[in-house]
Each structure stands twice: as structure tokens, then as C-alpha cells.
Amino acid sequence: MTSLPVAPDTFHVFDTTLRDGAQQEGLRLTVADKLKIARHLDELGVNFIEGGWPGANPNDTAFFAAAADGELELHHAELVAFGFTRRVGAKAADDPLVQALIDARTPVICIVAKSHDEHVFRALHATLEENLEMIRDTVSHLVANGRRVFVDCEHFFDGYKSNPAYALECVRTAAEAGAEVVVLCDTNGGMLPSQMGDIVTAASAIGVDLGVHCHNDTGCAVANTLAAVDAGVMHIQGTVNGHGERTGNANIITLIANLQLKYGWSLVSEASLREATRISHAISGITNVPPNSRQPYVGISAFAHKAGLHASAIKVDANLYQHIDPTLVGNDMRMLVSDMAGRANIQLKGEELGYDLSDRELAGRITDVVKQREMDGYSYESADASFELLLREQLELGDDFFEVLSWRVLTGHEVKPEGDSEATVKLRARGEVLAYVGEGHGPVNALDMALRAALKQAYAHVDDFELIDYRVRILDQGHGTDAIVRTLIDTTDGERTWTTVGVGTNVIEASWEALYDAYRWGLTKRAVPVG
Ligand SMILES: [Zn+2]
């Protein structure tokens, strides 16, 4: 095995979630969103946060103004404004967009420059010399204004393949004009790791600090970045959760974790790295892009184990089945309950939820029930709350909060603000029979309204329960309208979120079952009587 490179003293982690990451389809960030994300990035411990393009985008101008006026206190990172080299045929000193970069009041400015000859001709409509002059003039003007300047060489790798001497000339010109770091960009994301080394090495000969910016179009953004690191770059760019246009940018959390845990470098503090999972999910919450459960290191499935065979070995030594200790990145090993589960899996899952299932006979019986129910179409892998209710039934813990006597729902076409559906629920709770009607948009919403209204009489706090997601899956496709469906419901009480499952050939019945479990589980956790 070859040895890994040693970290240069001045290695930079440069985050561009707020600039390049925000190019992702469907992503809209307000100034408040950007401020929140920037605080999380600072906590993560990145060295630079590229905040956007002031002057070109009013939202970004407002973000930099808010940051400079004291709304963003960074403890670790430095804020970076992004922009282009000056216009063709103008002077940097007279270009309003260059002035907007200075007006953003950031210590660092990153400008993007063309370095691919065909782009200079066909996108810029300029000569090769004019493009060099644009780089020279813009960088030296910003440096003269007291800014640290980084230069992104756009389409550098494709440019190098087209005209290596010119691509390198762009790097040299930026460095000579005062750029502190010149970043080689794989803008189209078409590179492969094996192609990175020679090109980075050729640019290294210029003697300027180099960075790399990779997109994930070949699925190699992280691998390409590491290949560039191996070839000597000392600055890496990426985005949290790999946000970015098309297939995204290099995932900065994966990069930090790889360099820290595999290369043994110290880029962020150990405490910050332990926040990585939380920060990744918090930023997902702000961008409103669902977290990728299979994201390396921080995805909820990143350390999840399914096979029964693995589970028994995990009881012996968890490290046999995981590449790192998940707590180093703030993640956790998770056992999945599934039809592949053996008794060991169920025992571990029970332990995780706080139940003692060490009794072999009891654990065996529960395993049989789980297997039977999974054959019927239930899935407990994500529905931990329904699994816990099943355990509690088997352990005879007596959760008799309420007994449903009947329910029915009417749905049809009727235009009124309360919705198109009406449900009636009759139940017995705390010795009383309660019957309530609920109206809603769709039958499930109406059932929720009726069940909630009835239960509220006995347990006032069910009003805090909020259904936040509802998913339906057809299990035996091709079966027609009598197919078995599985519904999953996510509920929150503001403090925690839980998932329940229901199954049936009738989608409303399956939904009712998940809904019923959602309220039951919530009550087992907070069964306080009405005061
Ligand atoms: Zn980019």
C-alpha cells in the first residue's frame, strides 16, 4: 500500500454551497436561509464560505450586506464574494460588477476566469490575449483594494485538453497578478480520477498554490478531488450534501471525513466532525431537499445493517462490519428489522429501543410475528414506532389508551373550504364513549380530524401531534385495483418524529391503521391525563 500524502500546513476547505450549490434545480434560498446555512458551515469548520454573487443577484447583495452589518458572526470561516473577471474591452476600475465585489466587504474574493481557448472565442468573443488582460486587470485591481483573491479557472481540464499552453498561461497570469490560489475547475464534471494527476502536476510547475473544483457528472467528484489532492492541490471546493446543478458538486462532508479519517489529516476539530451528521440534516431542512439516506458517512443508512447473519456477528464486534466508528461523524449504527432478520437482529433492535429481549423464547416468538407480518406486507425498517408497538403488545405492557368502536368515511365531489371528505370515529377512552365527526381534504385527513377530535377529550396533548408526511406504496403491482398497499405516516409532536405503517387491500383501511398506530405510539410516550 502506498503512503498517503501529508497535509500541507495551509490546506483550505472552501465551501460553495451558497453559490454553486444554490444552482441546484428547484433550490431557492432566502437571505435568512443563507445566513442559517453559513452559521452551520462555520460550525462544521470550513475555512472559506462562498456566499454568492453580489451585484448580479439582488438576493446575494442583500446577504453580503446583512453579513457585513453584523447579522453573521463567523468564528472560524472567512466569507468570500464570487464574481467574474471584468467585461471585455472595459477597465476593472470602471466595471460596476467588479465594484460590487469590493462593496460586498468580504476579506476574500473569488473570481472566475475563462481558461479554455474555445470558450474565450465562442462565449466571450474575445482574443486569447484580451482574456489574459481581463484576468490580470481584475486580479490586480482587487488586490490593490486590499482583498485576498482566489481565481477559479473555469473549464480548466477541458481547456488543458484543447490547448494546454493557453490553459497554463491563464493560471500563470492569475498568479503573477496576485492571486493567492488558482483553482482548477472541472466545470462540466467529465473527468476521471486517473486523468487528474498529470494535469494537476503540469499546473503545479507554475509554482502557485492550486485548488480544485469538481462536479459529479461521472460520479467521480469526490474521487477526482482526492486525486487532485494526491497530486498536490492545497485547496478543495465542494458543497454540503453535494448540492449543485445537474448531478451536483463534490460533497464537502465526504471530502472532510475522508481526509480526516482516512488520510489522518486534521482539517476540522474532532468535535466539529462529530456534528457532521446533524449539520448535514439541518442544511437539508433549510434547502428543503430530502436528505439522501445513502450519503456516505452521514446518511441514515450509512451504518445500517440488515442481514441476520451480520447482526449476530455485530453482537460480537461491531467493527467487523463498519469501515469507521460512526460516532466520529455523529452517526449511529442502526439495526434494520426486516424479513431477513434473525433473532439477533430483533434483540439488538429491541435493545436500541430500550427493551430487554434477552429471553430466547420471547425473542424467538417476536421474530416469528415480525416474519409473518412482513410476509403480509408490513415493513418495519423505517416504521420504528409500529415495531415498538408490536414489541409492547408481545410484552403485554397494556397500552389501553383507547379502544376504537367504529369508524367510517365518506368522500365525494363537493367544493367547500373544509374539504371534500367527512369521517366519523367512535371510541372508548378513559371509560367514556366518544363519537366525533371530522372534515378534511381527502379521507385520511378527515379521519385524522375525527380521531383527533375524539381523543382530545381524553388526552388534550394529542393536539400537538402533527402528521408531516404520508406515503403510499403499491406492493403487488400489476394486480390491478385490488393490490395490497402499504402506507407510512410520519408524525411529530415538535420534539420527536415517529413513523408508523399500515397494510391492506383498501388504501383507506391501511391509512387508518398507520394513523391509529401514530396516535397510540404518541400516547405511550406522553400519556399524561387531562388536567
Ligand atoms: Zn461549479
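**Exercise 1.** Determine whether Asp 60 and Lys 34 are buried or exposed, and state how their side chains meet.

*Solution.* Step 1: Asp 60 and Lys 34 are both buried, where buried means under 20% relative accessible area, exposed over 50%, and partly exposed in between (1.4 Å probe, protein chains only). This is a predicted model, in which local features need pLDDT of at least 70 and side-chain atom pairs count only at pLDDT 80 or more, whereas totals for chains, interfaces and linings use all residues. Residues are numbered from 1 along each chain as its sequence is written, and side-chain values use heavy atoms, with hydrogens and water left out.

Step 2: The two side chains form a salt bridge, at 2.7 Å from N to O; the term denotes a side-chain nitrogen of Lys or Arg within 4 Å of a carboxyl oxygen of Asp or Glu. Step 3: Because Asp 60 lies in helix 2 (residues 58–71) and Lys 34 in helix 1, the pair ties together parts that are 26 residues apart in sequence. Helices (H or I, at least four residues) and strands (E, at least two) are DSSP runs, numbered from the N terminus.

**Exercise 2.** State how many salt bridges are counted, and describe the one between Arg 148 and Glu 180.

*Solution.* Step 1: The count is 29 salt bridges. Step 2: One of them joins the side chains of Arg 148 and Glu 180, with 2.7 Å from N to O. Step 3: This pair links distant parts of the chain, since Arg 148 belongs to strand 5 (residues 148–154) and Glu 180 to the loop between helix 7 (164–176) and strand 6 (181–186), 32 residues apart. Step 4: Arg 148 is partly exposed, at 27% relative accessibility, and Glu 180 is partly exposed at 30%. Step 5: Elsewhere, salt bridges that share partners join Arg 19, Asp 20, Glu 50 and Asp 152 into one network.

**Exercise 3.** Identify the residues that coordinate the zinc ion, and locate Asp 20 and His 213 in the chain.

*Solution.* Step 1: The donors are Asp 20 (OD), His 213 (NE2) and His 215 (NE2), at 1.9 to 2.2 Å. Donors are N, O and S atoms within 2.8 Å of the metal (3.2 Å for Na, K and Ca); water is not among the atoms, so sites may look incomplete. Step 2: The spacing of the donor residues in sequence is D-x192-H-x1-H. Step 3: Asp 20 is found in the loop between strand 1 (12–15) and helix 1 (31–44), and His 213 in strand 7 (residues 209–214), 193 residues apart. Step 4: Asp 20 and His 213 are both buried.

**Exercise 4.** Determine how many disulfides are counted, and examine the surroundings of Cys 110 and Cys 185.

*Solution.* Step 1: A disulfide is a covalent bond between the sulfur atoms of two cysteines; the criterion is a pair of cysteine sulfur atoms within 2.5 Å. Step 2: The count under this rule is zero. Step 3: Cys 110 is in no disulfide, and the nearest cysteine sulfur, that of Cys 185, is 7.5 Å away. Step 4: Cys 185 is likewise in no disulfide; the nearest cysteine sulfur there is that of Cys 153, 7.0 Å away. Step 5: Cys 110 counts as buried at 0% relative accessibility, and Cys 185 is buried with a relative accessible area of 3%.
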